[in-house]
Amino acid sequence: MSVMQRYGKCKSVVKRSKKYLDEALYLKLFKDGGSELNVRQQLNQFIKSGKRVYKWEVGDTLKKLRQRKLYQPALKLSETMAKRNMIKTVSDQAIHIDLVAKARGIVAAEKYFVDLPESKKNHLCYGALLNCYCKELMTDKAEGVVEKMKDLDFPLSSLSYNSLMTLYTKVGQPEKIPSIIQEMKSSNIMPDSYTYNVWMRALAAVNDISGVERVIDEMKRDGRVTGDWTTYSNLASIYVDANLFEKAEGALKELEKRNGYKDLSAYQFLITLYGKIGKVYEVYRVWRSLRLAFPKTANISYLNMIQVLVNLKDLPGAEKCFREWESSCTTYDIRVANVLIGTYAKLDMLEKAEELKERARRRGAKPNAKTWEIFLDHHLRNADFKLAVDCLSEAISIGRGNGEKWVPSSETIGIMMKHYEQEKDVDGAEEFIEILKKSMESVGEEVFESLIRTYAAAGRTSAAMKRRLKMENVNVNEDAQKLLEAISEE
């Protein structure tokens, strides 16, 4: 597939002067592939060249960068064009607010908005800021922006209302959504399919399944919005959660009818939801359809299918699917292997889990934090604490794939500290805490309280413990405070 086919056609850039870039800007940025590193390198080359581009090219490229979640290079491009005195429209300003929020955080986005001239703060800019607050779950500020927009007689779009409703859903306030729907109706703002989906989810959250069905009926009667496959995947998911499996199956059949464009996500929802209602035959049927529609089946599709088969306790089927993937994959994805590794570990088939981990390593897929977490959980269940610590240490040293630190759960930390406490193993506890500090700024009160109890149980003293607590800014409970006094005595 050509670059032009992948990224779509654009207006012509041929026969322009040598002052301009000799190819479309987005083609230049994606020349070496779509990774952030490659795009940044090409962007830096473009900026250093000083070559000009058309304004529509910038807008087109920003759209493609945002679609790929390449927010840092998108923001840099937007700022560079502003420095070159390329005039921003009001919609450009709104997009810039969104980019600042995603690349530098909400505080930077707020500052950019505040610094805009009042004449530039139109309904699009307020809407962008509202969307940022909603994504950050900042309810009070989001509501404040809505009130300000109303005071200024700025119209609220369906997108703004959808963002607000999504916010209320995520913060556990679904009861506020029906009033927003009424406000939209009274303002003659037409709901879209997303609006109906959020509305249904809000009613499902308060167990009003008949209300969900009324929403579907209203959408059909209204006729202006035709429910797409997402509407029926949403409805099926609601029925599944309510254990209404027969109705869920009916919604899934409706979903299939509406997947005329053979959307990959639709297939994956079908496989997952048919799996949740125990329809093994349907899972395999949809999988065959997916494979026909996408002969070069993505790793993520295999991962989903294998996970569903594992959940259905069809281990032979999952293993067969995995072998099929393994024999044809161009990139050996440790995430796919982790599904079977985790299954083997839970079934105490540790030898098979270890063998698969090593096979993945030989194929170039090193264990990630999740891999080590699987083995950590297995060793904890079997009370093999030394191996558990080794796995935990490996997970911490690798970290998460997105660059963030991997942090063990509070439950895991509690089990480990309780073990050291029962074994009166002060040295083991101290070594464990040193490992934890590699991924946690502060291990917290409960860990230190357990450590103090371990010292006391072992009859050990620590002249430095009080100073450590002060440096860590930790306040232990009353019982631990009494033991602290005892272990601090020389």
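Is D208 buried, exposed or partly exposed? With a relative accessibility of 22%, D208 counts as partly exposed. The cut-off helps here: buried means under 20% relative accessible area, and exposed means over 50%, so D208 at 22% falls into the class in between. Please keep in mind that you are looking at a predicted model.

Let's step back to the whole protein before returning to D208. The protein holds 28 helices and 0 strands. Along the principal axes, its C-alpha trace spans about 80 × 55 × 55 Å. There are 490 residues, and 46% of them count as buried. If you look at contacts between residues at least 6 apart in sequence, 59% of these join residues at least 24 apart. The accessible surface amounts to about 26500 Å², with 51% of it belonging to carbon and sulfur atoms.

Now for the charges. The protein carries 79 positive and 68 negative charges, and the mean positions of the two sets lie 10 Å apart. Side chains of opposite charge can pair when their charged atoms come close. In this model the count of salt bridges comes to 38.

D208 takes part in one of them: its partner is R214, and the closest N and O atoms of the pair are 3.7 Å apart. Another salt bridge links K121 and E118, at 2.9 Å from N to O. What are the surroundings of these two residues like? K121 counts as buried because its relative accessibility is 9%, while E118 counts as exposed because its value is 59%.

A further pair to find on your screen is R258 and E254, whose closest N and O atoms are 3.2 Å apart in a salt bridge. R258 has a relative accessible area of 30%, so it is partly exposed. E254, at 22% relative accessibility, also counts as partly exposed. Salt bridges can share partners too, and in this way K253, E256, E282 and R285 are joined into one network.

Finally, turn to some charges that sit together on the surface. K346, K370, R381 and R400 form a positive surface patch. Where along the chain is R400 placed? You will find R400 in the loop between α23 (residues 385-398) and α24 (residues 410-423). Its relative accessibility is 41%, which means that R400 counts as partly exposed. Residues in such a patch must have over 30% relative accessible area and no salt bridge, so R400, at 41%, clears the accessibility cut-off.

Conventions. Residues numbered from 1 in each chain as written. Predicted model: local features only at pLDDT ≥ 70, side-chain atom pairs only at ≥ 80, totals over all residues. Heavy atoms only, no water. Patch = residues over 30% accessible without salt bridge, like charges linked within 9 Å, V, L, I, M, F, W, Y side chains within 5 Å. Areas by Shrake-Rupley, 256 points an atom, 1.4 Å probe, with all protein chains shown as cover. Salt bridge = Lys/Arg side-chain N within 4 Å of Asp/Glu carboxyl O. Lys, Arg positive; Asp, Glu negative; His and termini not counted. Charge placed at Lys NZ, Arg CZ, Asp CG, Glu CD. Helix = DSSP H or I, 4+ residues; strand = E, 2+ residues; numbered from the N terminus. Buried < 20%, exposed > 50% of the residue type's maximum accessible area, 1.4 Å probe, protein only. Contact = heavy atoms within 4.5 Å.
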